[in-house]
Amino acid sequence: MEKLFAPIAKRIAVVIIAFCSVLVLLNVAASAYFNPKTVVEREISSLAEEYYEDYLYGNLVGNRTGDAIGEEMKHYKDIGVPNTYLRQLLLYDSGRRKEASGYFDQKGFKCDRNKTYVKYFPEEPYEKKNYHFEIKLVCE
């Protein structure tokens, strides 16, 4: 009788171990994805892209066209555009993105809106989507 149930017990044990392993992996993945710093980095990156493409690029270029755009943007290629602070990202465009401020005021992880900033670096050919940015988070 023992020989009859031994393979079934082993299979059940393997299934339980596999199930527990999957749960642990899901927990680790969810913790990494929903980690407050990860959430803040994801949200500020989204805000930074929107700000540059919808607002800052147009202000930097102004009414310039053609080669004049490149000449203007070339100044910022290495040194970057002056810092854009988190408070600016949240309040530009009549505060349309103000609801995102909750991401930066999480329990146990709060970002300083006057010290957290994004620095933009335009890249050739100096079109709206040709840039990269660096984020400096000042959060506790």
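**The β4–β5 loop, the sheet and its helices**

Residue Y126 is placed in the loop between β4 and β5. In this predicted model, the phi angle of Y126 is near 60°, a positive value in a residue other than glycine. Y126 counts as buried, since its relative accessibility is 5% and the cut-off for burial is under 20%. The loop between β4 and β5 also holds P125. The peptide bond joining E124 and P125 is cis, with omega at about 10°.

The protein chain as a whole contains 5 helices and 5 strands. Their succession along the sequence is α-α-α-α-β-α-β-β-β-β. The protein chain has 140 residues, of which 29% count as buried. Among contacts between residues at least 6 apart in sequence, 67% join residues at least 24 apart.

The two strands that flank the loop belong to an open sheet. This sheet has 3 strands in the order β1-β4-β5, and the pairing is antiparallel. Its edge strands are β1 (84-85) and β5 (131-136), each of which pairs on one side only. Strand β4, formed by residues 117-122, is joined to β5 by 6 bridges, and the two run antiparallel. Within this pairing, F121 stands opposite H132 of β5, and Y120 has F133 of β5 as its bridge partner. Helix α2 packs on the sheet and touches β1, β4 and β5; the direction of α2 makes about 135° with that of β5. On the other side of the pairing scheme, β1 and β4 are joined over 2 bridges, again in the antiparallel sense. Here Y85 has Y117 of β4 as its bridge partner.

Helix α2 also packs against a second helix. The geometry of such a pair is described by the angle between the axes and the distance between them. Helix α2 (residues 36-61) and helix α5 (residues 86-95) pack at an angle of about 55°, and their axes lie 10 Å apart. The angle makes α2 oblique to α5, because it falls in neither the roughly parallel range, under 35 degrees, nor the roughly perpendicular range, 65 to 115 degrees. The crossing of α2 past α5 is left-handed. From α2, the residues making the contact are I44, L47, A48, E50, Y51, D54 and Y55, while α5 contributes L86, Q88, L89, L90 and Y92. Sorted by class, the contact of α2 with α5 comprises 9 nonpolar residues, 1 polar residue and 2 charged residues.

The buried residues of α5 are L86, L89, L90, Y92 and G95. In an α-helix there are 3.6 residues a turn, so residues three or four places apart point the same way. The buried residues of α5 pack against α2, β1 and β4. Four of these names recur in the contact with α2, where L86, L89, L90 and Y92 are among the α5 residues involved.

Two further buried positions lie elsewhere in the chain. Residue F109 is found in strand β3 (residues 109-110). F109 is buried, with a relative accessible area of 15%. Apart from neighbours within four places in sequence, the contacts of F109 are P36, K37, V40, F104, C139 and E140. One of these, K37, is separated from F109 by 72 residues in sequence, yet the C-alpha to C-alpha distance is 7.6 Å. Residue E72 is located in helix α3, which spans residues 67-74. E72 has a relative accessible area of 18% and is therefore buried, the cut-off being under 20%. When residues up to four places away in sequence are not counted, E72 touches L60 and R64.

Key
Residues numbered from 1 in each chain as written. Predicted model: local features only at pLDDT ≥ 70, side-chain atom pairs only at ≥ 80, totals over all residues. Heavy atoms only, no water. Axes fitted to C-alpha atoms, helices over the stretch in contact; angles between N-to-C directions. Helix = DSSP H or I, 4+ residues; strand = E, 2+ residues; numbered from the N terminus. Parallel < 35°, antiparallel > 145°, perpendicular 65-115°, else oblique. Left-handed = near helix turned anticlockwise from the far one by under 90°. Contact = heavy atoms within 4.5 Å. Nonpolar A, V, L, I, M, F, W, Y, C, P; charged D, E, K, R; others polar. Pairing = 2+ DSSP bridges. Buried < 20%, exposed > 50% of the residue type's maximum accessible area, 1.4 Å probe, protein only.
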